[in-house]
Amino acid sequence: MDSVAIVTGGSRGIGRATSLAAAKRGYKVVVGYASNKAAADEVVGKIEASNGKAIAVKCDVGNEADILDLFRQADAFGKLGALVNNAGVVDATARVDEMSAARLTRMMNVNVVGSILCAREAVKRMSSKHGGSGGVIVNLSSVAATLGSPAQYVDYAASKGAIDTFTVGLAREVSAEGIRVNGIRPGLIDTEIHASGGEPDRAHRLAHTIPMKRVGTADEIANAVVWLMSDEASYVTGTIVDVSGGR
Ligand code: NAP
């Protein structure tokens, strides 16, 4: 395969695991990162050490100019076949009556607007309507979209609810143009996102609430992402897969 996959937030956590898994499946991977260049370079180095191809590109998905540059660099790398809208942020635990407008704007801008803008750029390249030859988009949602995350981060849960609706709508919009669009709703996964919300142990603290009684790994999410990207999922579109140990 000589197709390019863009993974936003591909430097750490689920994005890192997805970048490595996509490379194993033969994709040339564009590893997006917000600020941690060293982490992105480590992922690229690991892919290259296994004879794969990858580049690291700085792209804050909250910034449209960065997104346009990400896709320009991907174009120079090869033909776009897949986009994984993985970059996402949480914030400190808070009730809605404590949330500032600045917090809400960042949350929606990164998690929702960023994903939609990346999808826009992907559709322009993949859609048969624009002369493209198809492709796949996978959006990272969260089980939070179904639980609402009360007294933790309802704003984050709402942003992921928007991603679910966007996934269904975009899938139906471009299904006849060669593009499949699906989502993954991870449960509690062992990554650094919990530390970024001020609670490094969050996933493990809540493990007893998960029907399978354990947190998930980034690889377990990545496996589902690359399956949705593959021809094995050729008749799957507009679907959101829960990968959550039953949560
Ligand atoms: P993570 O460990 O915190 O990694 C976040 C990744 O996204 C990093 O590569 C980071 O880049 C990048 N990133 C952060 N802000 C960004 C921005 N504004 N623009 C572009 N990239 C940005 O997160 P994760 O746990 O792997 O989560 C990945 C996705 O899964 C997110 O959408 C998250 O909401 C979703 N999810 C995670 C869990 C979970 O339990 N972990 C559960 C449900 C859903 P740098 O390295 O440069 O900082």
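## Exercises on charged pairs and a ligand

In this predicted model, Glu192 and Arg12 form a salt bridge, with their closest N and O atoms 2.7 Å apart. Let's work from there.

**Exercise 1.** Find out which parts of the chain the Glu192–Arg12 pair ties together.

*Solution.*
- Step 1: Place Glu192. It sits in the loop between β6 (179-186) and α7 (193-196).
- Step 2: Place Arg12. It sits in the loop between β1 (3-7) and α1 (13-24).
- Step 3: Put the two together. The partners are 180 residues apart in sequence, so the salt bridge ties together two distant stretches of numbering.
- Step 4: Check the surroundings. Glu192 is partly exposed at 48% relative accessible area, and Arg12 is partly exposed at 40%.

**Exercise 2.** Work out which elements the salt bridge between Glu42 and Arg16 joins.

*Solution.*
- Step 1: Check the distance. The closest N and O atoms of Glu42 and Arg16 are 3.0 Å apart, and the cut-off for a salt bridge is within 4 Å.
- Step 2: Locate the partners. Glu42 is in helix α2 (residues 37-49) and Arg16 is in helix α1, so this pair ties together parts 26 residues apart in sequence.
- Step 3: Look at exposure. Glu42 has a relative accessible area of 37%, which makes it partly exposed; Arg16 is partly exposed too, with 25%.

**Exercise 3.** Explain why Lys28, a buried residue, is not counted in a salt bridge.

*Solution.*
- Step 1: Find Lys28. You'll see it in strand β2 (residues 28-33).
- Step 2: Look for a partner. The nearest side chain of opposite charge belongs to Asp2, 4.1 Å away.
- Step 3: Compare with the cut-off. A salt bridge needs the atoms within 4 Å, so Lys28 has none.
- Step 4: See what else is there. A polar side-chain atom of Lys28 lies 2.5 Å from the backbone oxygen of Phe77. Lys28 also touches other residues, including Val4, Lys53 and Gly78.

**Exercise 4.** Pick out residues with polar atoms beside the ligand's oxygen atoms, and say how much of the ligand the protein covers.

*Solution.*
- Step 1: Start with the neighbours. There are 30 residues around the ligand, and Ser11, Arg12, Ser35, Tyr156 and Thr191 come nearest.
- Step 2: Check side chains. A polar side-chain atom of Tyr156 is 2.6 Å from a ligand oxygen, and one of Thr191 is 2.5 Å from a ligand oxygen.
- Step 3: Check the backbone. A backbone N or O atom of Asn36 lies 2.7 Å from an oxygen atom of the ligand.
- Step 4: Find the cover. On its own the ligand has 900 Å² of accessible area, and the protein covers 94% of that.

Definitions and conventions: Residues are numbered from 1 along each chain as its sequence is written. This is a predicted model: local features need pLDDT of at least 70, side-chain atom pairs count only at pLDDT 80 or more; totals for chains, interfaces and linings use all residues. Side-chain values use heavy atoms; hydrogens and water are left out. Helices (H or I, at least four residues) and strands (E, at least two) are DSSP runs, numbered from the N terminus. Buried means under 20% relative accessible area, exposed over 50%, partly exposed in between (1.4 Å probe, protein chains only). Lys and Arg count as positive and Asp and Glu as negative; His and the chain ends are not counted. A polar contact is a pair of N or O atoms within 3.5 Å; within protein, one must be able to donate a hydrogen and the other to accept it, and residues adjacent in sequence count only if both atoms are side-chain atoms. Contact means heavy atoms within 4.5 Å. A residue is near a molecule or strand if one of its heavy atoms lies within 4 Å of it. Accessible areas come from the Shrake-Rupley method with a 1.4 Å probe; for residues, only the protein chains shown count as cover. Lists of a residue's contacts leave out its neighbours within four places in sequence.
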